[in-house]
Amino acid sequence: MFEPPLTGFSYSFTDDGFYEVAYYRAASNPQQPSCPKGIIQWQHGKYNKASNGSLVLNPIEVDGRQLMSDPCTYTNSVYTRYHQQEIFKHYEVLVNPYDKATRLNLYGWDGAPMNPMYLAYRPPQMLPTQTLNPTATASGTQPSGSSKSRRDLAGDDDGLVQEALNRHALVKQRESTNADRLWWLGVGMTALGGVGYFCF
């Protein structure tokens, strides 16, 4: 599992009651700035809308995963099972007045607002909604008579470049500003201002 380039979180919901959530958090270490920690969490399951307006997310216990990176404590990242029910006191789906994008506002169990999220895909791009790792118990014992083969990290793309995952995104990223061009524009404007100051 590879850490993404940026931290953040994502929630996906289907109309028929399934959800998927992914978190990537980084934690600084003020005592040893060269030893930051990172954590990736993923789980999926079913959600329920309660009569009081709250949202309850019930994960599939055997499928959730957590990857914790602590380079100054462990040589390798720690990969474990993870499941945590989530309760949101309420939620809002609205259109953002600035850019007209569909926005989801979630409020934690205590009513504290989370960062707003914007719709990227309709329908959502999620892994299958049924159990991905069927086991007899949540501890992870295999059902009798089953076998699993190791999956290769390289995949089966035979060296071909795969399409970007966000190729169907509703909200596209803007091109980044060219810093060199911006610097030369600043130099030119400063020179033009200096000439104008001495001439006028």
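Biologist: Let me start with one residue. Is Gln43 buried or exposed?

Modeller: This is a predicted model, so we read computed values. The cut-off for buried is under 20% relative accessible area. Gln43 has 2% relative accessibility, so Gln43 counts as buried.

Biologist: Where is Gln43 found?

Modeller: Gln43 is in strand 3, which runs over residues 37–49.

Biologist: Leaving aside neighbours within four places in sequence, what is Gln43 in contact with?

Modeller: Among its contacts are Tyr19, Glu20 and Val21. Pro59 and Gly64 are also on the list. So are Tyr82, His83, Gln84 and Glu86. One of these contacts has a polar detail: the side chain of Gln43 reaches the backbone oxygen of Gln84 at 2.9 Å. Also check C-alpha distances. Gln43 and Ile60 are 17 residues apart in sequence, yet 7.3 Å apart in space.

Biologist: Let me try another glutamine. Where is Gln66 found, and is Gln66 buried or exposed?

Modeller: Gln66 is in strand 5, residues 65–69. Its relative accessible area is 17%, so Gln66 is buried. Next, look at its side chain. A polar contact of 2.8 Å joins the side chains of Gln66 and Gln41. Beyond four places in sequence, Gln66 also touches other residues, including Ile39, Ile40, Val78 and Tyr82.

Biologist: Now charges. What should I look for?

Modeller: Side chains of opposite charge can pair when their charged atoms come close.

Biologist: How many salt bridges does the structure hold?

Modeller: One. The side chains of Asp70 and Lys37 form a salt bridge, at 3.9 Å from N to O. Asp70 lies in the loop between strand 5 and strand 6 (78–81), while Lys37 is in strand 3, so the pair ties together parts that are 33 residues apart in sequence.

Biologist: How exposed are the two partners, Asp70 and Lys37?

Modeller: Asp70 is buried, at 9% relative accessible area. Lys37 is partly exposed, at 40%.

Biologist: Loops next. Where is the place of Cys35?

Modeller: Cys35 is in the loop between strand 2 (18–27) and strand 3. Being in a loop does not settle burial here: Cys35 has 3% relative accessibility and counts as buried. Beyond four places in sequence, Cys35 is in contact with Asn29 and Cys72. The C-alpha atoms of Cys35 and Pro71 are 6.4 Å apart, with their positions 36 residues apart in sequence.

Biologist: Lys100 is in a loop as well. Is Lys100 buried or exposed?

Modeller: Lys100 is exposed, with a relative accessible area of 61%. Its loop lies between strand 8 (90–95) and strand 9. Check its backbone too. Phi of Lys100 is near 60 degrees, a positive value in a residue other than glycine.

Biologist: Which residues does a cis peptide bond join?

Modeller: Arg122 and Pro123, with omega at about 0 degrees. Pro123 is in the loop between strand 10 (117–118) and helix 1 (179–199).

Biologist: Which residues make up the largest nonpolar core?

Modeller: There are 11 in all, including Tyr11, Val21, Tyr47, Phe88, Leu104 and Met117. Strand 2, strand 4 (55–59) and strand 9 (102–107) each give two or more residues to this core. Strand 2 gives the most, with three. Pick one member and follow its contacts. Beyond four places in sequence, Leu104 touches Phe13, Tyr91, Glu92, Val93, Pro116 and Met117.

Biologist: Now step back. How many helices and strands does the protein have?

Modeller: One helix and 10 strands. Along the sequence the pattern is β-β-β-β-β-β-β-β-β-β-α. The protein has 200 residues, and 26% of them count as buried. Contacts tell a story too. Among those with a separation of 6 or more, 50% link residues 24 or more positions apart. The exposed surface is about 15200 Å², with 56% supplied by carbon and sulfur atoms.

Biologist: Last point. What should I do about confidence?

Modeller: Where pLDDT is low, the predicted coordinates should not be read in detail.

Biologist: Where does pLDDT stay under 50?

Modeller: Over residues 141–163, for which the model has 12 contacts beyond four places in sequence. For the protein, the mean pLDDT is 80, and 78% of residues reach 70 or more.

Technical notes
Residues are numbered from 1 along each chain as its sequence is written. Side-chain values use heavy atoms; hydrogens and water are left out. pLDDT is the predictor's confidence in each residue, from 0 to 100. Contact means heavy atoms within 4.5 Å. Helices (H or I, at least four residues) and strands (E, at least two) are DSSP runs, numbered from the N terminus. Buried means under 20% relative accessible area, exposed over 50%, partly exposed in between (1.4 Å probe, protein chains only). A polar contact is a pair of N or O atoms within 3.5 Å; within protein, one must be able to donate a hydrogen and the other to accept it, and residues adjacent in sequence count only if both atoms are side-chain atoms. A nonpolar core is a set of buried Ala, Val, Leu, Ile, Met, Phe, Trp, Tyr and Cys residues joined through side-chain atoms within 4.5 Å. A salt bridge is a side-chain nitrogen of Lys or Arg within 4 Å of a carboxyl oxygen of Asp or Glu. Accessible areas come from the Shrake-Rupley method with a 1.4 Å probe; for residues, only the protein chains shown count as cover.
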